[in-house]
Amino acid sequence: MSKRDYYEILEVTKTCSDGELKSSYRKLAMKWHPDRNPDNSDAESRFKEISEAYDVLKDPQKRAAYDRFGHQAFDGGMGGGAGPGFGADFASTFSDIFDDLFGMGGRRGGGGGGRGRERGADLRYNMEITLEDAFNGKDATIHLPTTIVCETCSGSGAKPGTQPTTCRTCQGSGRIRQAQGFFTLERTCPSCQGRGQVIDEPCPACAGAGRTTKERTLQVAIPPGVEDGTRIRLGNEGEAGLRGGPPGDLYIFLSIAPHEFFQRDGADLFCRVPISMVTAALGGSTEVPTIEGDTTKVKVPEGTQSSRRFRLSGRGMPVLRTRNRGDMYVQVVVETPQNLTRRQRELLAEFDAECSKETHPEANGFFAKVKDFFAGDAD
């Protein structure tokens, strides 16, 4: 069974800061600590998984290695527990990272092996979905132009029936050494660009790159509860590597289109619903839409004021990777009548003439305070 992504385990993004990483770890560690979950048999394994992920990502060097090579960076020396030491295989791998950073191309001396097999680039795909898609989840189909392994040469870059040969300039080391006084300078071999091998007869289909461009069709499972900016990683679905190198990853960034009725804040939904002046004064009920695609009734008490909110528990968005849901908040807005007939105006005038302080306590209280304020200034 493949291991879960460490960033996914800690519920953070790959670009999170050290502070965000630490904060998320503390919250999850407290949530899944076995002492706090004596009746949950999965708590101990979840706690170990969280601790293992944090032990790697909190260390800048280990995190850099994980970002570059994933779990393979630790297969040789850290084992399942992600211990503090670096094994021999990992040390060799990590030194290649520094080679990449300082222009050495990640290639070591010696013959054969994986020299020249460069990892493919990661790709980004932006996808806009509806709020309903974020609520229900979705199986989406995307069409992505990218590079794939050349079918003619199977990624070697060499013409079928031939093989790359050892570079005669560097004798397969990928580097050239040059003595200058007391120092010996080492630079990338200009003949093979550090690969240690040269292709005398390039593949005609890919011109020696070992990969070609093609539009691919991929299926993406979007889970319920995703938010705007959520990133989905599809491992090994990025660009193919050079000359048979491992492929990169594909990152899908989600954006959620504005909704006609709802605004979202985390797992909560907010809906603004107009009601008549009569309903607000006498009480009654009003129908409101729900994210499920139907309507529900909200009871409006007598004397409801404009902008009052009503909470519908558990009618909001699902919380990602849980069975919980947020709440829905309905804000009623009392609509002032327009385009009144003559008789309607007369009735409202009669109603206003019979109103007392008890009918409009907030308005009368406000103006009483205003009168007292100005009376105090006069003194």
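In this predicted model, Ala29 is in contact with Phe47 and Ile50, leaving aside its neighbours within four places in sequence. Ala29 is found in helix 2, which covers residues 18-32. The pairing with Phe47 links residues 18 places apart along the chain. The C-alpha atoms of Ala29 and Phe47 are separated by 6.2 Å. Ala29 has a relative accessibility of 11%. This residue therefore counts as buried, the limit being under 20%.

The cysteines were examined next. A search of the whole structure finds zero disulfides. Cys167 is in no disulfide, and the nearest cysteine sulfur is that of Cys170, 3.7 Å away. Cys170 is likewise in no disulfide, and the nearest cysteine sulfur to Cys170 is that of Cys167. A disulfide requires the two sulfur atoms to be within 2.5 Å, so the separation of 3.7 Å does not qualify. Both residues are buried. Cys167 has a relative accessibility of 2%. For Cys170, the relative accessible area is 7%.

A further feature lies at the surface. Met277, Leu348 and Phe351 make a nonpolar patch there, with an area of about 270 Å². One of these residues, Met277, lies in helix 7, which spans residues 277-282. Met277 has a relative accessible area of 38%. Met277 is therefore partly exposed, because this value falls between the limits of 20% and 50%. Ala29, by contrast, is buried at 11%.

Note on methods:
Residues numbered from 1 in each chain as written. Predicted model: local features only at pLDDT ≥ 70, side-chain atom pairs only at ≥ 80, totals over all residues. Heavy atoms only, no water. Buried < 20%, exposed > 50% of the residue type's maximum accessible area, 1.4 Å probe, protein only. Helix = DSSP H or I, 4+ residues; strand = E, 2+ residues; numbered from the N terminus. Contact = heavy atoms within 4.5 Å. Patch = residues over 30% accessible without salt bridge, like charges linked within 9 Å, V, L, I, M, F, W, Y side chains within 5 Å. Areas by Shrake-Rupley, 256 points an atom, 1.4 Å probe, with all protein chains shown as cover. Salt bridge = Lys/Arg side-chain N within 4 Å of Asp/Glu carboxyl O.
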